[in-house]
Amino acid sequence: MEFITNAPQTNANVENEGVKNYDPELARDVLAGLTQTPKSLSSKYFYDGAGSKLFQQIMELPEYYPTRTEFKILEEQQAEIAGFFGLTDFFHLVELGAGDGLKTKILLRQLLHMKADFEYVPVDISGDILKQLESSLQTELPALRTESFAGDYFKALHWLQHNKEGRKVVLFLGSNIGNFEDNGDLEFLQEIRKYLKPEDKVLVGFDLRKDPRTIRQAYDDAAGVTAAFNLNLLKRLNRELGADFNLKQFEHFTDYDPLEGVVKSYLVSKKQQTVTFSALNHRVSFAAWEAIHTENSHKYTPAQIEELGKKAGLKSEQFFTDEKHYFADVLFRVM
Ligand SMILES: C[S@@+](CC[C@H](N)C(=O)[O-])C[C@H]1O[C@@H](n2cnc3c(N)ncnc32)[C@H](O)[C@@H]1O
């Protein structure tokens, strides 16, 4: 089996005496986010090595229903789902935001079992998690053909356009679709659509609306792992941009708005304070109880999903869901 990792992440070169080198895109986004009102940081920066490990712990939490629910959907309906991919000719199975591929491996095994002719192309912004995925695939599924891409979704789509020309099935699992701002979900599906051809397929994992308390607890677990995951973002900025965030002076806060259908997560400054970014020669002031918005997690109704697909030029062919209707993996056909 051949493994090629494309566009390796620019890792900040950090040494004890200070930041020698930093990722200019990270610096630009962080400064833009922290100098606007209200302050915000992009959730795509959660996933450094430590953040990816913390997310793996989140997926095992009793409160975090999305992973185990989607796992069960894929496990119980794998043959039917794979059948929808169209197995008579070759395809690229592209996965955006693949993470550790825990759930995807169910489909990969099924496709290999069905003797499908395909190549798996996982994409993730975290080079660390991709390396882990590659090495686990090498051991667990040695017959699989794989070529991965480390980088942002948009860079990946551009790369895919020029490097993967055949028929495509795109996976976007784990309710990553819910993490965009406002209309970002539609804009992203439209962007994916641009790079696909009629009859290509897209399988998207959507977290559905349910008891608001169940949703709220999933993002505010009793063991504090989600809080550590959110706060790790500040640790990353300390390490990679020479910032001096005192983690004890910020706290994780999250809430679910059942009207809007969105969980919003924040890091709240517990007092008036100033943070210095030594690598950037920049200081950012926080008022007492000022919040930094760090993540959205949208929850959908089936009607919203159909409508979203239609507006993006994707026809929903099948909803694969669980008995409680907590989660849906929706198979779209490109129109
Ligand atoms: C919530 S996790 C889900 C992982 C996996 N899809 C699953 O269902 O278990 C999100 C994953 O998407 C990646 N990710 C987040 N934002 C990204 C971006 N803008 N571009 C590429 N990957 C991104 C993260 O590194 C992480 O591995």
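1. In this predicted model, Arg236 and Glu240 both belong to helix H9 (residues 225-241), and because they are four residues apart in that helix, they are separated by about one helical turn. The two side chains form a salt bridge in which the closest N and O atoms are 3.2 Å apart. Arg236 is buried, and Glu240 is buried as well. The pair also belongs to a wider arrangement, since Asp48, Arg236, Arg239 and Glu240 are linked in a network of salt bridges.

2. Side chains of opposite charge can pair when their charged atoms come close. In this model the count of salt bridges comes to 25, and one that links distant parts of the chain joins Lys39 to Glu290, with the closest N and O atoms 2.8 Å apart. Lys39 lies in strand S4 (residues 39-40), whereas Glu290 sits in the loop between strand S13 (282-286) and strand S14 (291-298), the two being 251 residues apart. Lys39 counts as buried because its relative accessibility is 8%, while Glu290, at 22%, counts as partly exposed.

3. Another salt bridge is formed between the side chains of Arg28 and Asp29, with an N to O distance of 3.6 Å. Which of the terms buried, partly exposed or exposed applies to Arg28? With a relative accessibility of 54%, Arg28 counts as exposed, whereas its partner Asp29 has a relative accessibility of 24% and therefore counts as partly exposed.

4. Strand S4, which carries Lys39, is also part of an open sheet of four strands, arranged in the order S4-S14-S11-S10 with mixed pairing. S4 and strand S10 (250-257) stand at the edges, and because each has a single partner strand, one side of each is left without a neighbour in the sheet. Strands of a sheet pair through backbone hydrogen bonds, either parallel or antiparallel. Here S10 and strand S11 (residues 262-269) run antiparallel and are joined by eight bridges, and Phe250 stands opposite Ser269 in S11.

5. In soluble globular proteins, nonpolar side chains tend to be buried together. The largest nonpolar core of this model has 35 residues, of which Leu237, Phe245 and Phe277 touch the most other members. Two or more residues are given to this core by helix H1 (24-34), helix H2 (49-58), helix H8 (212-218), H9, S10, S11, strand S12 (273-277) and S13. Which element gives the most to this core? H9 does, with seven residues.

6. For Leu237, once its neighbours within four places in sequence are left aside, the contacts are Leu26, Val30, Leu41, Gly242, Ala243, Phe245 and Phe277. A second core, separate from the one around Leu237, has 32 residues and includes Trp159, Leu189, Phe206 and Val330.

7. The ligand has 17 residues around it, and those that come nearest are Gly97, Lys103, Asp124, Tyr153 and Gly174. Where the atoms are specified, a backbone N or O atom of Gly97 lies 2.7 Å from a nitrogen atom of the ligand. The side chain of Asp124 places an N or O atom 2.5 Å from an oxygen atom of the ligand, and for Gly174 a polar backbone atom is 3.4 Å from a ligand oxygen atom.

Definitions and conventions:
Residues numbered from 1 in each chain as written. Predicted model: local features only at pLDDT ≥ 70, side-chain atom pairs only at ≥ 80, totals over all residues. Heavy atoms only, no water. Salt bridge = Lys/Arg side-chain N within 4 Å of Asp/Glu carboxyl O. Buried < 20%, exposed > 50% of the residue type's maximum accessible area, 1.4 Å probe, protein only. Pairing = 2+ DSSP bridges. Core = buried A, V, L, I, M, F, W, Y, C linked by side-chain atoms within 4.5 Å. Contact = heavy atoms within 4.5 Å. Near = heavy atom within 4 Å. Polar contact = N/O pair within 3.5 Å; in protein donor to acceptor, adjacent residues only side chain to side chain.
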